[in-house]
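Me: I would like to check a few labels on this model against their definitions. Please take them one at a time.

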Amino acid sequence: MPEQRKKKPEDLRSHRWYGVHDLRSFGHRSRAKQMGYGREDWAGKPVIAIINTWSDINPCHTHFKQRVEEIKRGVWQAGGFPVELPAMSLSEPFVKPTTMLYRNMLAMETEELLRCHPIDGAVLLGGCDKTTPALLMGALTMDLPAIFVPAGPMLRGNWRGETLGSGSDTWKYWAELRAGNIDEAAWEEIEGGIARSPGHCMTMGTASTMTSVAEALGLTLPGAASI
């Protein structure tokens with residue numbers, strides 16, 4: 001295998017924004033300083049985008065608001081310059097008629113966020129069904145170094161000592177309610193116990209399948225899809 005040459009600062013894509021001695025780069029640097037950064041924060045360092053699909057109405061990604069700060073610390077510690085870029089949050093439980101209508105929009109948004117900003121690599125935060133393929137398609141099209149961080153599955157549900165699976169047991173107990181085998185009080189208890197933490201569906205449905213595919217492709221850390 002040929003030896004890989006470590007990039008020099010001037011080889012970085014972000015050098016076109018921060019490292020050039022011209023009027024335009026003066027504007028980039030001065031605006032970065034406007035946000036409280038100093039030259040030592042970006043000079044000679046790869047700029048790492050963190051594409052964050054968190055929102056207040058996406059239960060699968062609720063914890064990304066905290067996780068993104070942890071990732072930023074990791075990027076700083078590794079010698080990079082982290083930049084959080086928010087992207088469309090496709091909440092499978094809430095978006096009507098279906099998030100599938102917006103998957104390709106998120107893919108295009110991801111690609112263009114990486115293309116139009118001074119980015120050298122990316123961390124992709126996703127997990128809910130259509131988010132994973134959208135982020136991966138966008139990043140792979142842009143052809144920058146990237147790693148996917150899955151949201152991970154939520155805790156398994158619990159009702160009167162029984163394990164509940166998200167999605168599958170919803171349909172099961174809805175049928176039981178309609179058949180008169182459980183009452184409204186039990187149905188409301190199930191409603192409060194079937195989804196007990198942040199994360200995507202814990203059953204082997206679309207979300208877990210997509211994150212497992214991402215791991216199989218080598219786009220996550222080993223074992224990340226099941227954490």
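Reply: Start with pairing: two strands pair if DSSP finds at least two bridges between them. Strands (E, at least two residues) and helices (H or I, at least four) are DSSP runs, numbered from the N terminus. This is a predicted model, in which local features need pLDDT of at least 70 and side-chain atom pairs count only at pLDDT 80 or more, while totals for chains, interfaces and linings use all residues. Residues are numbered from 1 along each chain as its sequence is written, and side-chain values use heavy atoms, with hydrogens and water left out.

Me: What makes β1 and β2 a pair, and in which sense do they run?

Reply: Strand β1 (residues 47-52) and β2 are joined over 6 bridges in the parallel sense, so the requirement of at least two is met. Two of the partnerships can be named: Ile-48 stands opposite Pro-82 in β2, and Ile-51 has Leu-85 in β2 as its bridge partner.

Me: What is the order of the strands in the open sheet, and which are the edge strands?

Reply: The sheet has 4 strands in the order β2-β1-β3-β4, with parallel pairing. β2 (81-86) and β4 (146-150) are the edges, since each pairs on one side only. Ignoring direction, neighbouring strands are turned by 20° against each other on average. Strands of a sheet pair through backbone hydrogen bonds.

Me: Which helix touches β1, β2 and β3, and which touches β1, β3 and β4?

Reply: Helix α5 (residues 103-116) packs on the sheet against β1, β2 and β3 (121-126), and its direction makes about 155° with that of β1. Helix α6 packs on β1, β3 and β4, at about 170° to the direction of β3. Contact here means heavy atoms within 4.5 Å; axes are lines fitted to C-alpha atoms, for helices over the stretch in contact, and angles run from 0 to 180 degrees between N-to-C directions.

Me: How do you know that β1 is mostly covered?

Reply: A residue is buried under 20% relative accessible area, exposed over 50%, and partly exposed in between (1.4 Å probe, protein chains only). In β1, 6 of its 6 residues are buried. Both faces are covered: Val-47, Ala-49 and Ile-51 on one side, Ile-48, Ile-50 and Asn-52 on the other. The side chains of a regular strand alternate between the two faces of the sheet.

Me: How closely do the axes of α6 and α9 approach, and which residues meet?

Reply: The axes of α6 (residues 131-142) and α9 (residues 206-216) come within 8 Å and cross at roughly 35°. Thr-132, Pro-133 and Leu-136 in α6 meet Met-210, Thr-211 and Ala-214 in α9. This contact has 4 nonpolar, 2 polar and no charged residues. The classes are nonpolar for Ala, Val, Leu, Ile, Met, Phe, Trp, Tyr, Cys and Pro, charged for Asp, Glu, Lys and Arg, and polar for the others, Gly among them.

Me: Why is Thr-220 called buried?

Reply: Its relative accessibility is 8%, and therefore Thr-220 counts as buried. Thr-220 lies in the segment after α9. Leaving out residues up to four places away in sequence, Thr-220 touches Ile-147, Phe-148, Pro-150, Ala-214 and Glu-215.

Me: Why is Gly-199 called buried?

Reply: Gly-199 has a relative accessible area of 3%, so the label applies. Gly-199 is in the loop between α8 and α9. With the same sequence exclusion, Gly-199 touches Pro-59, Cys-60, His-63, Gly-152, Pro-153 and Met-154.

Me: Why is Asp-143 called exposed, and why is Arg-160?

Reply: Asp-143 has 66% relative accessibility, so Asp-143 counts as exposed; Arg-160 gets that label at 58%. Asp-143 is in the loop between α6 and β4, and Arg-160 is in the loop between β5 (157-159) and β6 (162-164). Asp-143 has a positive phi of about 65°, and Arg-160 one of about 50°, although neither is a glycine. Most residues other than glycine have a negative phi, and most peptide bonds are trans.

Me: What is the peptide bond from Lys-96 to Pro-97 called?

Reply: The bond is cis, with omega near 0°. Pro-97 sits in the loop between β2 and α5.

Me: What classes of residue line the largest pocket?

Reply: The lining has 14 nonpolar, 9 polar and 4 charged residues. Of the 27 lining residues, Pro-93, Ser-166, Gly-167, Thr-170 and Cys-201 lie nearest the centre of the pocket. A pocket is an open set of points on a 1 Å grid over the protein atoms alone where a 1.4 Å probe fits, with protein on both sides within 12 Å along at least five of seven lines; lining residues have an atom within 4 Å of a point.
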